[in-house]
Amino acid sequence: MTNKYAEGYPAKAYYGGCQFVDVAETLAIERAKQLFGCNFANVQPNSGSQMNQAVFLALLQPGDTFMGLDLNSGGHLTHGSPVNMSSKWFNVVSMASAATTTASTWMKSPPAQRTQAQAHHRRALPYSRIWDWKRFREIADSVGAYLMVDMAHIAGLVAGGEHPSPVPHAHVVTSTTHKSLRGPRGGLILSNDEDIARKMNSAVFPGLQGGPLMHVIAARRSRLAGAAPRIQDLCEERCRQRPHAGGEPSETGLDIVSGGTDNHSMLVDLRPKNATGKRAEAALGRANITCNKNGIPFDPEKPFVTSGIRLGTPAGTTRGFGEAEFAEIGRLISEVMDGLKASNSDEGNAAVEAAVKAKVIELTDRFPLYAGM
Ligand code: PLP
């Protein structure tokens, strides 16, 4: 699969000798369609960024306007970050600013108004809450826009029936295959509209990519197939863990943006713990807990520092962690954060971090990496 060049699509490759890779890709397409209940699927995007670029290439002209979710509001670079092609070649209106007020107005407004705007923003944008796709489509229709949903974070929950599917509502849906879907790295583009699906295919190849990564597509095929019932189990487990994923908030004192989570993920505002995302990421790393710093809405810190961390359960669930283990992880995170707060320095509290590290090693030893797959 690695050796075979297969530019094009099944039965329409620009190369001879594609009969076996065609079987793999056709199966991946059929299984993606079945899993997400849609009519068309493109399984070739090499990454999540490329799947989103393909949608832009297919549906927009340079200079066109789109509305996206900014990084600090749970979006991705490809949703209109100033450093990304999506904002350099297109005109971005940030959903976050629109939900409150424009960013520049917000910066100039008095502190009380800012606080109010922040509070409104936290309610208006669901982060780890349930998204109302029908309402989004109504809004898109009312202004003559396409609705594209990048469901990368929650695709596993959608596949497992634990989050409403955007497929019946959106013109086009994209998803990575390596997050909650727990498959190999890459992207998917789904649609029920034949004309849009044709445009997506041309945008992926020859618009953006050359030879598809057939070895990854073959792996995606196995994941999408064997996956369906297993994904359902994993999702149910993940959702059961939901209230415990960060430990009980009263117990851990962690401030979860949106006031909680309805899925497997959460963004933690660390300001009550007197820490930045950068310091927390480093301190947790020293205790063998890997997570990523992340901006929070209207973050006063720079993107390399941030005021938050983002946590999710898929990797732990795959490993076999259950409710008790996630509650334990919530407590361990809280211990490190309290140690950091008490030390009031970048170095953190070495004794606390060493003690937590020992507990992490004991926990992960009980759940070896691939045992839960
Ligand atoms: N879309 C979302 C929602 C993401 O979170 C990410 C990655 O973090 C991407 C797209 C891009 O995926 P990739 O890193 O494979 O380019």
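D195 and K199 sit four residues apart in helix 9, a separation of about one helical turn. The pair forms a salt bridge, with the closest N and O atoms 3.5 Å apart. K199 is partly exposed, at a relative accessible area of 31%. The model is a predicted one.

D195 has another partner in this helix. A salt bridge also joins D195 to R198, and here the closest N and O atoms are 2.4 Å apart. Both residues belong to helix 9, which covers residues 194-208. They are three residues apart, again about one turn of the helix. How accessible is D195? D195 counts as partly exposed, at 34% relative accessibility. R198 reaches 53%. That value makes R198 exposed, because exposed means over 50% relative accessible area.

Now move to helix 7, residues 133-142. R137 and D141 are four residues apart there, so about one helical turn separates them. They form a salt bridge, and their closest N and O atoms are 2.9 Å apart. Is this pair buried or exposed? R137 is partly exposed at 24% relative accessibility. D141 is partly exposed too, with a relative accessible area of 45%.

Salt bridges can also link up into a network. K134, R135 and E138 are connected in this way. In total, the structure holds 14 salt bridges.

Next comes the ligand. Which residues surround it? The shell consists of S47, G48, S49, N52, H76, D150, A152, H153, T176, H178 and K179. By class, one of these residues is nonpolar, eight are polar and two are charged. Helix 2, residues 48-59, supplies the largest share of the shell, with three residues.

Look at individual contacts. D150 places a polar side-chain atom 2.6 Å from a nitrogen atom of the ligand. G48 uses its backbone instead: one of its backbone N or O atoms lies 2.8 Å from a ligand oxygen atom. K179 makes its approach through the side chain, where an N or O atom is 3.4 Å from an oxygen atom of the ligand. How much of the ligand does the protein cover? On its own, the ligand has 390 Å² of accessible area, and the protein covers 82% of that.

Definitions and conventions. Residues numbered from 1 in each chain as written. Predicted model: local features only at pLDDT ≥ 70, side-chain atom pairs only at ≥ 80, totals over all residues. Heavy atoms only, no water. Near = heavy atom within 4 Å. Polar contact = N/O pair within 3.5 Å; in protein donor to acceptor, adjacent residues only side chain to side chain. Areas by Shrake-Rupley, 256 points an atom, 1.4 Å probe, with all protein chains shown as cover. Helix = DSSP H or I, 4+ residues; strand = E, 2+ residues; numbered from the N terminus. Nonpolar A, V, L, I, M, F, W, Y, C, P; charged D, E, K, R; others polar. Salt bridge = Lys/Arg side-chain N within 4 Å of Asp/Glu carboxyl O. Buried < 20%, exposed > 50% of the residue type's maximum accessible area, 1.4 Å probe, protein only.
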